[in-house]
Amino acid sequence: MKEAFDRGDKFADYQTLNSLQEYVLINPKRQRVECFRRRDNGLWNLEFYTAEKSVFQLKSIEFEGSLADLYEDVYFELQSEI
């Protein structure tokens, strides 16, 4: 339910802030970071980072980090595929 809110109404509200350049969602269930970036034309692009792409960037604040550091000491439950 919270994830739906973060992707829906909350993101829609944040999009009204002209100063907001990036909106970042960090997945607590698996190594995945999603970064929505506002383009010059006002549209948003999604870039996502996974363990395969181990470095992520937040361009608006000139930050680069690794998923390994972000998820340090995080243990994921094994999920069976159906």
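How many helices and strands make up the secondary structure of the protein chain? The legends below start with that question and then move in for closer views of this predicted model.

**View 1. The whole protein chain, element by element.** Three helices and five strands form the secondary structure of the protein chain. Reading from the N terminus, you will meet them in the order α-α-β-β-β-β-β-α. Taken along the principal axes, the box filled by the C-alpha atoms is roughly 40 × 30 × 20 Å. The protein chain has 82 residues, and 26% of them are buried. About 6600 Å² of the protein chain is exposed, with carbon and sulfur atoms supplying 52% of that area. If you like to think in contacts, take those with a separation of 6 or more: residues 24 or more positions apart account for 26% of them.

**View 2. The largest pocket and its lining.** Here we look into a space of about 310 Å³, the largest pocket. Its lining counts 13 residues, and E3, R7, I26, N27 and P28 are the closest to the pocket centre. Which elements should you look for around it? Helix 1 (2-7), strand 1 (22-26) and strand 2 (32-38) each bring at least two residues to the lining. Helix 1 gives the most, with four residues. Sorted by class, the lining holds eight charged, three nonpolar and two polar residues.

**View 3. The largest nonpolar core.** Seven residues come together in this core: V33, C35, Y49, F56, L58, L67 and Y71. Strand 2 and strand 4 (55-58) each supply at least two residues of this core. There is also a second, separate core of six residues, with F11, Y23, L25 and F36 among them.

**View 4. C35 and its neighbours.** This close-up stays with C35, one of the residues of the largest nonpolar core. Leaving aside residues up to four places away in sequence, what does C35 touch? The partners are E22, Y23, V24, N45, L46, E47, Y49, Q57 and L58. Two of these names, Y49 and L58, will be familiar as members of the largest nonpolar core, while Y23 belongs to the second core.

**View 5. D69 on helix 3.** D69 sits in helix 3, which covers residues 67-70. Is D69 buried or exposed? D69 counts as exposed because its relative accessibility is 56%, and the cut-off for exposed is over 50%. For a sense of distance, compare D69 with N27: the two lie 42 residues apart along the chain, and 14 Å separates their C-alpha atoms. N27 is one of the residues closest to the centre of the largest pocket, shown in View 2.

Conventions:
Residues are numbered from 1 along each chain as its sequence is written. This is a predicted model: local features need pLDDT of at least 70, side-chain atom pairs count only at pLDDT 80 or more; totals for chains, interfaces and linings use all residues. Side-chain values use heavy atoms; hydrogens and water are left out. On a 1 Å grid over the protein atoms alone, a cavity is a set of points where a 1.4 Å probe fits but cannot get out, and a pocket is an open set with protein on both sides within 12 Å along at least five of seven lines; lining residues have an atom within 4 Å of a point. Grid points are joined across faces, edges and corners, and a volume is the space filled by probe spheres set on the points. Ala, Val, Leu, Ile, Met, Phe, Trp, Tyr, Cys and Pro count as nonpolar, Asp, Glu, Lys and Arg as charged, and the others, Gly among them, as polar. Buried means under 20% relative accessible area, exposed over 50%, partly exposed in between (1.4 Å probe, protein chains only). Contact means heavy atoms within 4.5 Å. Accessible areas come from the Shrake-Rupley method with a 1.4 Å probe; for residues, only the protein chains shown count as cover. A nonpolar core is a set of buried Ala, Val, Leu, Ile, Met, Phe, Trp, Tyr and Cys residues joined through side-chain atoms within 4.5 Å.
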